[in-house]
Amino acid sequence: MTLPTAVTTAALVSRSVDYGEADRVLTLLTRDVGKVAALARGARRSRRRFGAALDLFVVGRAALRLGRDGRLATLERFDPTDDYGTSIARDVIKLAHGSYLLELARELWPADQREPELFALVVDGLATLASQRPSAGLLRAFELQVLRAVGLVPCLDRCVRCGAAAGNAALSFSVAEGGVVCSPCGPTGWSLSGAAQQALLALRDRPLMDAAGGAPAGVQRELRDLMLLVVQHHLGRRPRALDFLIELTEATAPGLPPAAAGATTPPVEREA
Ligand SMILES: [Zn+2]
């Protein structure tokens, strides 16, 4: 990706780390120049320069001076355009879901790539989260659609081994092979119900705004366990925001399964 030295682009902060006495180092997701690490000088000492734009879940216009030879970019201005943070921060479950959405997008974002479609998806995810009750459906749809945007979405309608159309018969799933396996080619050790396969197909293609609700609780749990397995496979580790989510769910609804908030206990990889 060849970049100009200075650029103004739609952007949001996906991570912020204090740096020295007065500064912050940000991981910005941007529409026009991909994922960028940027220094915000004076951001800790005074909120005057950047206002609330450096809070999480705020979309704005960032004026950046881009670094050369691996140096950090410098954030010169950041003017907020859409603040989803106020609504998200008011509800601790939403805050955990929002942290998970940002972590997924940031960690799966391909290095040095412009990803305008992925950027739009993140903004859409935050806008949806801000405007609705938190739902496992939104998390699942977001996971599938982020994976699709970066070319890693599992194959859900054809057997990854023989290519046969996946009907409603017993299916299984192979994380390593990236999709469903038909009954004659399987089983893989991770079974997938027809209802879960249909729900995944629907969530993959549904607008995020319409992703809440739908599947019964048993199917939601099946989707959650499967998608966590897929996400962990691609991240190479367990998502960090998930532990916060589990802690919260247990603290706010003791005795209830974490499924209520879309959280989960780690599934064990049962593939051969
Ligand atoms: Zn097959």
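Here, buried means under 20% relative accessible area, exposed means over 50%, and partly exposed lies in between (1.4 Å probe, protein chains only). This is a predicted model, where local features need pLDDT of at least 70 and side-chain atom pairs count only at pLDDT 80 or more, while totals for chains, interfaces and linings use all residues. Residues are numbered from 1 along each chain as its sequence is written, and side-chain values use heavy atoms, with hydrogens and water left out.

**View 1. Meet the zinc ion and its four cysteines**. The SG atoms of Cys 159, Cys 162, Cys 182 and Cys 185 coordinate the zinc ion at 2.3 to 2.4 Å (donors are N, O and S atoms within 2.8 Å of the metal, or 3.2 Å for Na, K and Ca; water is not among the atoms, so sites may look incomplete). The angles between the four donor atoms run from 103 to 116°, so the arrangement is tetrahedral (all angles of four donors between 85 and 135 degrees).

**View 2. Where the donors sit along the chain**. Their spacing in sequence is C-x2-C-x19-C-x2-C. Cys 162 is in the loop between α4 (136–149) and β6 (171–174), and Cys 185 in the loop between β7 (179–181) and β8 (191–192), so this pair ties together parts 23 residues apart in sequence. Helices (H or I, at least four residues) and strands (E, at least two) are DSSP runs, numbered from the N terminus.

**View 3. Cys 162 and Cys 185: buried or exposed?** Cys 185 counts as partly exposed because its relative accessibility is 25%. Cys 162, at 47%, also counts as partly exposed.

Conventions. Four donors count as tetrahedral if all angles lie between 85 and 135 degrees; four count as square planar and six as octahedral if opposite donors are over 155 degrees apart and all others between 65 and 115; anything else is irregular.
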